[in-house]
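Biologist: I have not looked at this one before. Can we go through it piece by piece?
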Amino acid sequence: MAFAADRGVRLAAPVALVLVAGCVVPLAVLFVYSFFKVDFVAIVHDPTVKNYVRVAASATYRGLIGRAILSGAIVAVISAVIAYPVAWAIAKRVYLLKSAYLTLLLIPLYTGDLVRIFAWRVVLGSEGVINSFLMWTGIVHEPIRALLFSPFATHVVLTYDYLPFMVMGLWLAFESLDDRLLEAARDLGAGEVTIFRRIVLPLTAPGLIAGAMMVFVLVVGDYLTPQLIGGSSGITVISAINDLFGTAFDWPLGSAIASSLLIILGLLVTLAALVVARSTWGRSVVSGE
Amino acid sequence: MAGSPGSRVSIARRLLWGHVGFVYAFMYLPVAVIALFSFNASKIVAFPLQGFTFDWYVKVLGDGRILGGLGITFLVAIPTAILATVLGAMAALALTRSTLKHPIAFAGLLFLPFLVPKVILAVAQLIVLSELGITKGITTVVLGQTLIILPFTTLIVASVLVRLDPRLEEAGADLGADSSQIFRRILFPLMKNGLTAAFFIAFVLSSSEYVVTSFISGRSQPLSILVASDFRFDLSPSLDALAVLMVVANLTIVAAGELIRYRARYNSARPAD
């Protein structure tokens, strides 16, 4: 290697410093704040676990955290099912235009959260594209109002928002899948279903887990989509944290909810990372082979 | 037998490409719809279409508030993109061109801002700013956005670096170049296009970022914040037009970046042939 170890430290240290100062320290301070309490308009710096007791005792906050995790899991599964054949097609059935296919998939990401949500409001609204089409064809006579401002709408748009991340994760896994393994299995008389179950699925599982974790975490942390698409169903644990830091002014309680959520997410991501790291695919990505 | 294996294969192939086509249509449907309504001669964003007009574009481009927001967007996005690209390049070099003691811990740290919910990161930064008595403004937005864009720029620069033939650097070292000469004379010229691509993508991500920006921007509000407050109020064709302009601008920037990156790939592939 052209760069010695000390060069690596000199390159990495400033980046690490920025990340620690801008991300790790604020999160640590947030965690510390979760042990404070609010007295009228001042924050009292007496350590207390009251906030965590409140989070654990409140059916509302428990419900919001549970619902966020359920939403994350639902969208992760739906996007996995949709993305799996797409990733396979791009990795194994596209040769010349592979980069173009991937870039085309990522372009909607660069339109910005708000533009995308705005567009979906137009598509799903009661005078929107889908309802106008259904009324024009005469399939329905009244616009289906549940298309927008419903959990259904929220999940459609969340799937839309994060599907590209799932395709990318799976695509990487399919790229490192050796086709000769499939040929060998076929030569030995394995059927397509057996090949999928015994070879393709296990070998792409790390990409599946990595993509699902990414989608899961991003959906749990999404703020705008449920709020602007979900209507009255749009109250999420994230919007509750947002309210406690804004109008409700209870930073310590908000910090306690945020910390609880981060700890749960951290545990789940660590678990997934361990599963990926133990697999051969994870090892080959880390070692760069 | 319901059919020969050949016809089964062709049905499977048609199903596969039908599915792929459906997914791409799904990804572009919303973008197409707002483009359509931005040219529709009616105040109401609904079918049926009323006729063709450029009025909404004229209205948006003559709106002083929007143009002011655009100015702040540039003031934020240019320094953010420079900072995120430089830091991303350093991180990518550290990960691909050196031996770190804890590469996985470093990569984990890099991707932390991507994985932590943005609202939580933003409120945590808000607490620190208020504890230290720092005024919210363009500087705080630049720093906040740089953190969340850093994972993307790192990946883009790293994707160029892993394709570069390490033998070029080894040859340089064998010929007596020290590491700063290797960087200046070999690595930097070869990764220049990757850096440009990272800059463009960072610029686009910065200009469309909303959540962190809204928490730490204070009174200097970039375009994304202005659009959000208008949008909460109502759906209007001038917002459609503005969205289309933003998408077109972003796509132009991304396309330019990608084009440069392909050229980088092509050029870096040649010496190895």
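Biologist: Which residues touch the most other members of the largest nonpolar core?
Modeller: This is a predicted model. The largest nonpolar core has 159 residues, and those touching the most other members are A:Val167, A:Val215, A:Ile241, A:Ile257, B:Val123 and B:Val157.

Biologist: Which helix gives the largest share of this core?
Modeller: Helix H8 of chain B, residues 179-208, with 15 residues.

Biologist: Back to B:Val123. What does B:Val123 touch, not counting residues up to four places away in sequence?
Modeller: On the chain A side, B:Val123 touches A:Leu30, A:Ile241, A:Phe245, A:Gly254 and A:Ala258. From chain B there is B:Phe215.

Biologist: Now the contact between the chains. How many residues does it take from each chain?
Modeller: Chain A puts in 65 residues and chain B 72 residues.

Biologist: Where does the largest share of the chain B side come from?
Modeller: From helix H1 of chain B, residues 5-38, which supplies 14 residues of the side touching chain A.

Biologist: And how do the residues on that side divide into nonpolar, polar and charged?
Modeller: On the side of chain B that touches chain A, 58 are nonpolar, 8 are polar and 6 are charged.

Biologist: Change of topic. How many helices and strands are there in chain B?
Modeller: Chain B has 11 helices and 0 strands.

Biologist: Why is chain B described as more spread out than a compact globule?
Modeller: Because its radius of gyration is 23 Å, and the globule rule gives 19 Å for 273 residues; the value for chain B is well over that. Its C-alpha atoms fill a box of roughly 75 × 70 × 35 Å along the principal axes.

Biologist: What percentage of chain B is buried?
Modeller: Buried residues are 42% of the 273 in chain B. As for its contacts with a separation of 6 or more, 79% are between residues 24 or more positions apart.

Biologist: What about chain A: how many helices and strands?
Modeller: Chain A has 13 helices and 2 strands. Its C-alpha trace spans about 75 × 70 × 35 Å along the principal axes, and 42% of its 289 residues count as buried. Among chain A contacts between residues at least 6 apart in sequence, 72% join residues at least 24 apart.

Biologist: Some single residues, then. Where does A:Phe149 lie?
Modeller: A:Phe149 is in the loop between helix H6 (129-137) and helix H7 (151-175) of chain A. Its phi is positive, about 55°, although A:Phe149 is not a glycine.

Biologist: Is A:Phe149 buried or exposed?
Modeller: A:Phe149 is buried, because 20 other C-beta atoms lie within 10 Å, and 20 or more is the cut-off.

Biologist: Where is B:Ile134?
Modeller: B:Ile134 is placed in the loop between helix H5 (118-132) and helix H6 (138-161) of chain B. With 14 other C-beta atoms within 10 Å, B:Ile134 is partly exposed.

Biologist: What is B:Ile134 in contact with, leaving aside neighbours within four places in sequence?
Modeller: B:Leu129 and B:Thr140. B:Leu245 is 111 residues from B:Ile134 in sequence, and the two are 35 Å apart in space, C-alpha to C-alpha.

Biologist: Last one. Which helix does A:Val9 lie in?
Modeller: A:Val9 lies in helix H1 of chain A, residues 5-33. A:Val9 counts as partly exposed, with 15 C-beta neighbours inside 10 Å. From A:Val9 to A:Met135 the C-alpha distance is 64 Å, with their positions 126 residues apart in sequence.

Methods. Residues are numbered from 1 along each chain as its sequence is written. Chains are lettered from A and ligands numbered from 1 in the order in which they are written. This is a predicted model: local features need pLDDT of at least 70, side-chain atom pairs count only at pLDDT 80 or more; totals for chains, interfaces and linings use all residues. Two residues are in contact if their C-beta atoms, placed from the backbone, lie within 7 Å. Helices (H or I, at least four residues) and strands (E, at least two) are DSSP runs, numbered from the N terminus. Ala, Val, Leu, Ile, Met, Phe, Trp, Tyr, Cys and Pro count as nonpolar, Asp, Glu, Lys and Arg as charged, and the others, Gly among them, as polar. A nonpolar core is a set of buried Ala, Val, Leu, Ile, Met, Phe, Trp, Tyr and Cys residues joined through C-beta atoms within 7 Å. A residue is buried if 20 or more other C-beta atoms lie within 10 Å of its own, exposed if 12 or fewer, and partly exposed in between; C-beta atoms are placed from the backbone. The radius of gyration is taken over C-alpha atoms; the globule rule is 2.2 Å times the number of residues to the power 0.38.
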